[in-house]
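These are my notebook entries on one chain. I went from strands to pocket to backbone and then to confidence.

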Amino acid sequence: MKTILELKNVSKVIKGRKIIDSLSFGVQEGEVFGFLGPNGAGKTTTIRMIVGLMGITEGDIVVNGVSVKSNFEGAIRDIGAIVENPELYKFLSGYKNLQQFARMHKGITDERIKEVVELVGLTERIHDKVKTYSLGMRQRLGIAQCLLHNPKLLILDEPTNGLDPAGIREIRDYIRRLASENGMAVIVSSHLLSEMEMMCDRIGIIQKGKLVDVQQVKEFVQGSELVYQLELGDAEKASIVIQEAFPDFQHKLNEGKLQIALTKEQVPELVSILVQHTIDIYSVMPVAKTLEDRFLEITNEKGEPANV
């Protein structure tokens, strides 16, 4: 698959302090890439450099084969972005807003505007004034603005911020459809980890301006260990046995059941030890970790994030 966005050892220095430190990753066509990190880790700073709102101190950013540093106008043609909240003329209708935005690009026809309006599900309300729109409708209109010039790369910074559960689901479905049906590369920055888990193909975590890890969502969530839940005849006795036999194993009791982090290969050894201590075992079930579990493990929120 074609790489639409590539960051090559990108750094940003502000007042002598390195805020972004040698970021390198790529985003492919048809992919939704989740960009995660604690507050102040450098997510928005990175996005601002991609769209040209901030200069690049070191390295380069390439969009669809065009360098942002050497040919900004050429690169920005293939980018649609909402950084924080979409800016709209509330006294105009949704359609008039799109017409004003279309003036910034050559070749956007009324047919293209209607096509994008239908894609984001605003056909019935597009001629109403934006001040009558709900927050979710404004977000959809903002995405429509981004899509008018048919970009290869869509960047959404907190696209579900402030939405109710129904609005969040709508935006999530639109993003997935844009990637799968239109072959668009999408970057989503958000703090709603459960939504990112359902929306994204890959996850990249940034902390203190550095890229910590990039993985497929399923692989990232699973990691090398799984949490197993054991239903036992005497969970408290089992806890004591585990503490003595496997002092490095993290485990806890939860409503009379025992949960423990293990690799698949360690499960038979644990079962054997419990049987030797005459502890009845009724079930051993893997419990999938959530993205939030893995995120907190990796970033370790006790660390001090960069002040961005």
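**Entry 1: strand 3 and its partners**

I began with Phe35, which stands opposite Gly204 in strand 9, where strands are DSSP runs of E of at least two residues and helices are runs of H or I of at least four, both numbered from the N terminus. Before going further I noted that this is a predicted model, in which local features need pLDDT of at least 70, side-chain atom pairs count only at pLDDT 80 or more, and totals for chains, interfaces and linings use all residues. Residues are numbered from 1 along each chain as its sequence is written, and side-chain values use heavy atoms, with hydrogens and water left out.

Strand 3 and strand 9 (residues 202-207) are parallel and share 4 bridges; I count two strands as paired if DSSP finds at least two bridges between them. I then looked up the other partner of Phe35 and found Ser189 in strand 8 opposite Phe35. Strand 8 (residues 185-189) also runs parallel to strand 3, with 4 bridges joining them.

How many residues of strand 3 are buried? I found 5 of the 5 residues (32-36) buried, so strand 3 is largely enclosed by the rest of the structure; buried means under 20% relative accessible area, exposed over 50%, and partly exposed in between, for a 1.4 Å probe and protein chains only. In a regular strand the side chains alternate between the two faces of the sheet. Here Val32, Gly34 and Leu36 lie on one side and Phe33 and Phe35 on the other, and both faces are covered.

**Entry 2: onward from strand 9**

I followed Gly204 to its bridge partner in strand 10, which is Val214. Strand 9 and strand 10 (residues 210-216) run antiparallel and are joined by 6 bridges. Their hairpin has 2 residues between the strands, and in this hairpin Lys208 takes a positive phi near 55°.

**Entry 3: strand 7**

I turned next to strand 7 (residues 153-157), which is mostly covered, with 5 of its 5 residues buried. From this strand Leu153, Ile155 and Asp157 point one way, while Leu154 and Leu156 point the other way, and I noted that the buried set includes Asp157. Strand 7 is joined to strand 8 by 5 bridges in the parallel sense, and Leu156 has Val188 of strand 8 as its bridge partner. Strand 6 also runs parallel to strand 7, over 4 bridges, and Gly80 stands opposite Leu154 there.

**Entry 4: the largest pocket**

I looked up the largest pocket and recorded a volume of about 720 Å³. Of its 22 lining residues, Ile79, Ala81, Phe101, Met104 and His105 are the closest to its centre. Two or more lining residues come from each of helix 2 (72-76), strand 6 (79-82), helix 3 (94-102) and helix 5 (135-147), and strand 6 gives the most, with 4 residues.

For the terms, I worked on a 1 Å grid over the protein atoms alone: a cavity is a set of points where a 1.4 Å probe fits but cannot get out, a pocket is an open set with protein on both sides within 12 Å along at least five of seven lines, and lining residues have an atom within 4 Å of a point. Grid points are joined across faces, edges and corners, and the volume is the space filled by probe spheres set on the points.

**Entry 5: positive phi**

Which phi does Lys15 have? Although not a glycine, Lys15 has a positive phi of about 55°; it lies in the loop between strand 1 (3-14) and strand 2 (17-28) and is exposed, at 86% relative accessible area. Ser22 is likewise not a glycine and has a positive phi of about 55°, but Ser22 lies in strand 2 and counts as partly exposed at 38% relative accessibility.

**Entry 6: confidence and totals**

The mean pLDDT of the chain (the predictor's confidence in each residue, from 0 to 100) is 85, and 90% of residues reach 70 or more. Confidence is lowest in helix 11 (residues 291-299), at a mean of 63, and highest in strand 4 (residues 58-63), at 95. Over residues 301-308 the pLDDT is below 50, and this stretch has 18 contacts in the model beyond near neighbours in sequence, a contact being heavy atoms within 4.5 Å.

I closed with the totals: the chain has 11 helices and 14 strands, and 46% of its 308 residues count as buried.
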